[in-house]
Amino acid sequence: MGLKLVASSCLPGFLVEQASYRGSPSGKGSKTMGQNWGDTRPVSAQREALLDTTRFRKGLRSIRMIADMGQSQGNRTKLQMQTIQQASRVSVDKSVHGLQHSKTMLVRITDKSYLVIGRANWTTVFTDYAANFDKTWEEAQVLQGVALDAVTVGQQGVSWGFGIAKTATSMGFGAATAALRFTGEVGGPAAQVVTGGVEQVLNFAHGCTNLGQDLAHGITQASLSTAKFSLSAAGAQEGELLRLALGDEAAESIMMVLQMVKRFCTPLEGVSTAQLFLAARSWAAVQQAKRLELLQRGPPLVVSPLPPHAERAMRWSAATFGALFLAGMADGLSVAPAVRAYGGGSARSPAEMALAAAKVDGRVMVLDFEETSEHLVPGFMVAVDHELNCVVLALRGTSGAKDVLVDLVCEVVPCELAGVQGQAHGGMLRAAQRVSERLLRLVLQGLEMLEATSVRSPHLPDVLITGHSLGGGVAALLAALWRDQAALPPGRVMQCITFGCPQVLDAEHAMALANFTTSVILGDDLVPRLSLTTVQDLRESCLRVNDPEAFQLPSSLSTTSLQARAARGNEDDMAHLAAAHAQIAGACHGTSNRLFPAGRLVVLRQAEIPSQDPHYVALEGSQADVDEMLISSDMAAAHMPARYLKALDEAMNIPAPREVKLNGLG
């Protein structure tokens, strides 16, 4: 009976090919190797069918490796060591022995031990070995990656260390030189001669020290670079230290952001900070001229209605930050939120303090309040608001490093809504998908409670989803996912109101949410205009303003020319600046991967109100209002929750429709 050894081709590091050994049934035959009793084929054909000795040895070496593993694996791999006396032997050559049985194969491992492998278990043996081999290989790769990260950190540390050493050396020699000069001035001409000679020696020593430090720095960096290259050539991957410290998902996000920042900064190499600052100022003047032109030539501005209870929705969004974080936010730079949170003299839960700080009054029952954030899971609050007769889901904006990471994972990813393929903000879409199931359970629980305790209002939603900043982006995507999945019970109405919502969906999908989602934007707020694409547009615009000739543009678009025209500010100069916007933006602003805030857009801007101070009013917005990052002095401050609350309070008191005139650019 012939013996056949089969190994899977997926084994890493080696491939034990199909092998056959045929020997005498008694183990005592004297025929040459390869001749099979009862086989009528010619001996040459039989030999051709057999595995040659070299390949057979390779297979047995692999099996010996399995045996070493098998001694610790025990029954799992079904390996068993036997003594030489328990079986007959068939000699193959001086170093390789095998035994043929009907159901087992015996392979010699040592002089007195054999490896018995059952026919039915050969595949299991090799599969188990492959899994362990892969695990060992992965562990080695991790160690190599950690070493690569350590070398990278070492390179930066070396640069900082030698930089500090050179600074300290210069300060030390400088102090010594100053002391010598002072001594020379006090001691007179004779002393000046002596100190002058010593100063020359000090200068020489200083130069030698700097030269030695530079040489040592170069040698060290070269050694580290060589080590880094060797590790990379061996297959080491960056980020293993981050994976060990933060987990795979967070580490991958950070590495993605770092690579994105690196790609973004590459075109800026060779441009100084001062040049970039001047280019940004020049581009801001161009943007302002373009906006004034559109305002003068555009149709009259008409006040647009805000969603009912928009101010209360914003206070719900503010409450998610927690009582301590709200101090100085809900009411600006004030201690009033903290006083409301900790006043009253009775013990309060964190949710009750947060609601008091944000001034969410009335009868409210909180179902869950998550103050801390996890990776891709922002904080939130779910409650039954009996004042509005609805369930409120408020998601928190950026308040920590983990939230910032969600913001920065801003690559555009595919997204399907209502059977239509589109694009979405990668980090916020993943966050919405991750919290969807948990939050839906809470919302359904709240709807059951509301059904039993309240009278349904025909003019208000059953579920109000809201959020500010990051929370607004996740809220809009979560509402879109639930609407697409028909997640709420039939007949239940859902409304989403966001504040400072980031750019989360492509133009078509963003507009498709307008019947149940409203994004409120305050003035020049940076966040609703911030995406990877708009930041790249800004970079390209600044590069062209900094050096127009390099991009085949006229010198009249240079920073010097634009700043001069902005300083004069006459009608011709402003027209030239407005025309420069179209010329530069048309040449460098991309058309792909553009995202927008979700749903209907309402922009809050300051308008001139007769017999009153300028008031914020709500104006109907469009995607063109947020298609470019605006550079203005108010771009960051306009994003603060206190500013939104103040603007909403004023805008809710201005009736719509009504024509208004903006106070400047509003």
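## Salt bridge in helix α19

Lys646 has a relative accessible area of 45%, so this residue is partly exposed. In this predicted model, Lys646 pairs with Glu650 through a side-chain salt bridge with an N to O distance of 2.8 Å. Glu650 has a relative accessibility of 14% and therefore counts as buried, the cut-off for that class being under 20%. The two residues, Glu650 and Lys646, lie four places apart in helix α19, so about one helical turn separates them. In general, an α-helix has 3.6 residues a turn, so residues three or four places apart point the same way.

## Salt bridges in α7 and α13

The structure contains 20 salt bridges. One of them links the side chains of Glu293 and Lys290, at 3.5 Å from N to O. These residues belong to helix α7 and are three positions apart, so the spacing between Glu293 and Lys290 is about one helical turn. Lys290, Glu293 and Arg297 are joined into one network by salt bridges that share partners.

In helix α13, which covers residues 426-453, Glu437 and Arg441 are four residues apart, so they too are separated by about one helical turn. Glu437 and Arg441 form a salt bridge in which the closest N and O atoms are 3.6 Å apart. Glu437 counts as exposed because its relative accessibility is 58%, and the threshold for that class is over 50%.

## Packing of α7 against α16

Helix α7 spans residues 273-297 and helix α16 spans residues 532-546; their axes come within 9 Å and cross at roughly 100 degrees. The two helices, α7 and α16, are therefore roughly perpendicular to each other, a class that runs from 65 to 115 degrees.

On the α7 side the contact involves Gln275, Ala279, Ala280, Ser282 and Trp283, which meet Leu538, Ser541, Cys542, Val545 and Asn546 of α16. Sorted by class, the residues of the contact between α7 and α16 are six nonpolar and four polar, with no charged residues.

## Helix α11

Helix α11 runs over residues 350-357, and six of its eight residues are buried, so the helix is largely enclosed by the rest of the structure. The buried residues of α11 are Ala351, Met353, Leu355 and, in addition, Ala354, Ala356 and Ala357. Lys359, just after α11, adopts a positive phi of about 65 degrees.

## Surroundings of Gln623

Gln623 sits in the loop that lies between strand β18 (615-620) and helix α19 (641-651). With a relative accessibility of 19%, Gln623 counts as buried, because the class takes in values under 20%.

Leaving aside residues up to four places away in sequence, Gln623 touches Ala507, Ala510, Met511, Phe596 and Leu601. Between Gln623 and Ala598 the C-alpha to C-alpha distance is 9.7 Å, with a sequence separation of 25 residues.

## The chain as a whole

The chain has 19 helices and 19 strands. Of its 666 residues, 45% are buried. The exposed area comes to about 33,000 Å², and 58% of this area is supplied by carbon and sulfur atoms.

Among contacts in the chain with a separation of 6 or more, 71% are between residues 24 or more positions apart.

How values were computed
Residues numbered from 1 in each chain as written. Predicted model: local features only at pLDDT ≥ 70, side-chain atom pairs only at ≥ 80, totals over all residues. Heavy atoms only, no water. Buried < 20%, exposed > 50% of the residue type's maximum accessible area, 1.4 Å probe, protein only. Axes fitted to C-alpha atoms, helices over the stretch in contact; angles between N-to-C directions. Parallel < 35°, antiparallel > 145°, perpendicular 65-115°, else oblique. Contact = heavy atoms within 4.5 Å. Nonpolar A, V, L, I, M, F, W, Y, C, P; charged D, E, K, R; others polar. Salt bridge = Lys/Arg side-chain N within 4 Å of Asp/Glu carboxyl O. Areas by Shrake-Rupley, 256 points an atom, 1.4 Å probe, with all protein chains shown as cover.
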